[in-house]
Amino acid sequence: MSKILVELKNICKSFGEQEVLHDFNLYIMENEFVTLLGPSGCGKTTLLRMIGGFDSPTSGEIYFDGKLINDVEPNKRQINTVFQRYALFPHLNVFGNVAFGLKLLKLSKEEIEKRVMDALRQVHLEEYRDRKIDTLSGGQMQRVAMARAIILKPKLLLLDEPLAALDRKLRQDLQYELKDMQRSLGITFIYVTHDQEEALTMSDTVVVMNEGRILQIGTPEMIYNEPKTRFVANFIGESTIVDGQMVKDYIVKFEGVNFKCTYTGFSKNEEVDVVIRPEDLLIVDEKDSKLNGVIDSKTFQGSIHEINIIVDSGKEYTVHTTKDYPLGLRVGLTIDPENITVMKKPGINTYSGVIIDSKTVKISDDMVLEYERVQEDGLPFEEFDEGEEVVVRILTQDVLLDDIEESDFEGVIKDIKKRDMYYDVYIEVNGKEIISSTSKIHHVGETTGIWIKPEKVMISNEREEEESE
Amino acid sequence: MNDVALAKRANRKLKTTKPFIIPYLVWIAIFLVLPSLILIFLALTSYDFSPNAEFSFTIENWKYVFGSEYASNVFWPAVIRSVLISLCVTLLCLIIGYPVALFMTKMNRIARGILMAFLILPLWCNQVLRIVSWRTIFEILNLNYNEFYIMNIIISMTAMYLPFMILPIYTVLEKIDNKVIEASYDLGCSNAQSLFRVVLPMSLGGIVSGIIMTFLPSLTTFEVSDAISYNTVILVGNMIYSRFQGTGGYNVGSIFSLLVVMFTIVGFVLILKVDKEGETLI
């Protein structure tokens with residue numbers, strides 16, 4: 001049975017005002033190939049640097065092999081890194097680079113020679129041992145970086161976008177080589193990338209991140225087939241996301257049509273997001289389907305045709321087929337029940353409130369919030385009047401639970417429900433209920449502080465609301 | 001674009017930019033090439049521009065420099081003294097300057113700007129003024145005596161040439177990718193190991209430039225010993241300077257100068273060996 005090698009507990013990291021990682025929890029098993037996947041700026045490289053020892057968390061604990069390593073210097077960790085753009089030593093040749101770590105261990109010349117040549121053989125670079133670094137191609141440099149990192153036989157290898165600088169064909173070849181090497185060496189890999197294809201191809205486990213939080217952890221198949229949030233669905237592969245309603249168990253309604261699906265456990269008529277992958281949609285004759293539309297545009301992509309169909313509601317669906325269809329043709333669309341993915345909408349706390357001044361809004365006597373309107377599309381704001389009645393919305397993930405002293409207000413935890421990646425914590429604040437989505441463990445009956453960043457408080461005019469409803 | 005087209009394009013570019021380098025070429029011809037030729041001419045003849053000088057090819061001058069009593073008692077000891085003082089100055093500059101350069105790469109932008117200003121601003125002030133102010137400092141410290149002159153010369157020269165050691169080393173250090181240094185820690189280096197196995201070897205180009213930029217000028221300064229030791233500590237620079245004061249010493253002085261030029265050329269070749277792109281020379 002494999003055991004836990006790396007454990008990250010409640011990791012927070014801020015650079016000045018900016019919070020890069022928010023209450024991050026993750027454990028990694030021995031011999032696992034874990035990929036941290038996310039767009040740039042999601043905190044994945046920062047996380048890797050903290051495991052490597054080049055950054056330290058603002059708060060939280062990092063355990064390696066059961067020991068707390070927060071304050072262990074990088075040179076004292078049994079962890080090696082393959083750096084982005086390789087970071088090879090330009091003053092040493094290939095042999096010198098690979099031998100670098102061994103020379104520090106003061107091993108005998110013969111031993112170093114033998115182990116370096118073994119490592120070079122593993123990356124197919126034996127003949128290049130005396131070459132200077134600046135005469136190597138990108139792929140060769142990548143291999144030297146690999147050899148340099150694995151020669152110390154670390155328990156854990158960190159790889160920071162190691163293939164990002166290479167062309168597509170080489171990248172694919174090296175993906176297989178890396179995966180093979182991981183299997184044969186029996187080393188745990190933590191691999192950072194923003195390339196979803198790379199993540200799906202190589203990993204045992206994919207951790208999808210955005211804005212310093214984990215959105216989903218799972219096998220590549222799980223992540224692809226059953227994305228848990230809109231972001232994951234969009235980020236991993238192409239997909240069409242539509243608003244839907246769970247009519248009852250196994251029936252989801254979108255585009256005004258009831259579809260069979262495999263989902264249960266939603267409340268009746270709950271609003272949901274429906275995710276459909278382009279390869280799961282089938283084009284059929286108009287009379288065989290209730291979802292009809294016109295072929296609007298298409299592109300040929302080698303092995304498939306990508307066809308965009310505008311259905312009667314005006315929404316565009318993307319379909320991948322091997323067969324070509326003429327533009328302007330009216331067609332029907334069908335989908336197998338198991339290919340429909342249904343996702344919960346993100347939780348929202350909605351209240352009615354009264355504006356106190358340009359910075360504060362009052363929801364109840366105990367809930368007075370600071371707000372800051374965030375400019376979205378460059379349009380000027382309409383200032384709210386004092387005493388104006390407004391609708392206040394706060395995403396449950398933006399409700400932060402903290403020490404009572406530093407909080408905006410406090411409340412008592414009434415209930416906790418386990419969701420996929422986090423808990424929904426129901427808190428009562430003097431008669432009003434607020435829900436917080438958090439990965440930290442809390443207990444029913446506790447008193448907790450609550451605070452909400454001013455820019456996360458969404459305020460809208462009640463009148464506008466009615467018009468748009 | 002293929003190679004031929006590229007070459008053609010480069011050629012065209014050269015044609016359009018060529019006229020603009022003519023002033024510089026003229027400058028070099030008049031003030032570098034011509035004087036060098038004159039030096040060679042003077043070294044090989046008895047003619048020295050004095051009113052009744054006679055012209056004939058001779059090796060007497062060379063005999064004088066390499067064989068005479070004057071040469072062995074005055075000139076060569078001065079050469080050795082100059083080399084030793086320059087070596088001291090260079091070593092001091094390196095020992096003081098390298099840590100400063102290293103520290104500068106780790107400073108924030110504002111602190112670095114201020115330090116850079118401290119390094120560069122004195123260079124804008126006339127060199128002779130700076131030397132004289134050093135003498136004043138030594139006077140205040142009650143060090144302005146015969147037995148301290150060599151030490152005083154070394155201190156003031158070190159202060160004068162320190163920026164020329166720091167700047168090339170800093171230029172090289174600043175270009176080192178921090179990831180490479182992190183890689184050294186990652187592979188097990190302590191701070192000291194990282195410095196000696198990665199940072200120092202990678203900054204070798206800067207060190208060599210720094211050494212040459214301090215060693216060669218300090219080898220030929222005459223104004224420092226002139227002002228600090230009232231011309232009692234004789235260096236190569238002083239010997240050359242005195243030969244070209246008035247008349248009569250041009251031929252031997254030329255040989256002194258040519259020897260220094262040879263030193264410079266050797267230094268330049270050394271730089272090119274270490275730093276092929278010549279990027280540290282700036």
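Student: Leaving aside its neighbours within four places in sequence, which residues is A:A147 in contact with?

Tutor: This is a predicted model. Contact here requires C-beta atoms within 7 Å. Once neighbours within four places in sequence are left aside, the residues in contact with A:A147 are A:V98, A:A119, A:L120, A:Q122, A:V123 and A:L125.

Student: Which helix supplies the largest share of the largest nonpolar core?

Tutor: That core has 99 residues, and A:V98, A:A147 and A:I190 touch the most other members. The largest share, seven residues, comes from residues 138-150 of chain A, which form helix α4.

Student: How many residues are in the second, separate core?

Tutor: Among its members are B:W134, B:L167, B:Y170 and B:I211. The size of this second core is 44 residues.

Student: Which helix gives the largest share of the side of chain B that touches chain A?

Tutor: On that side, 15 residues of chain B are in contact with 15 residues of chain A. Two helices of chain B, α8 (178-186) and α9 (191-202), each supply at least two residues of it. By class, the side has eight nonpolar, three polar and four charged residues. The largest share, six residues, comes from α8(B).

Student: How many helices and how many strands are there in chain B?

Tutor: Read along the sequence, the pattern of chain B is α-α-α-α-α-α-α-α-α-α-α-α-α. The count for chain B is therefore, with helices and strands taken as DSSP runs, 13 helices and zero strands.

Student: What percentage of the residues in chain B is buried?

Tutor: A residue is buried if 20 or more other C-beta atoms lie within 10 Å of its own. Chain B has 282 residues, and the buried ones make up 30%.

Conventions
Residues are numbered from 1 along each chain as its sequence is written. Chains are lettered from A and ligands numbered from 1 in the order in which they are written. This is a predicted model: local features need pLDDT of at least 70, side-chain atom pairs count only at pLDDT 80 or more; totals for chains, interfaces and linings use all residues. Two residues are in contact if their C-beta atoms, placed from the backbone, lie within 7 Å. Helices (H or I, at least four residues) and strands (E, at least two) are DSSP runs, numbered from the N terminus. Ala, Val, Leu, Ile, Met, Phe, Trp, Tyr, Cys and Pro count as nonpolar, Asp, Glu, Lys and Arg as charged, and the others, Gly among them, as polar. A nonpolar core is a set of buried Ala, Val, Leu, Ile, Met, Phe, Trp, Tyr and Cys residues joined through C-beta atoms within 7 Å. A residue is buried if 20 or more other C-beta atoms lie within 10 Å of its own, exposed if 12 or fewer, and partly exposed in between; C-beta atoms are placed from the backbone.
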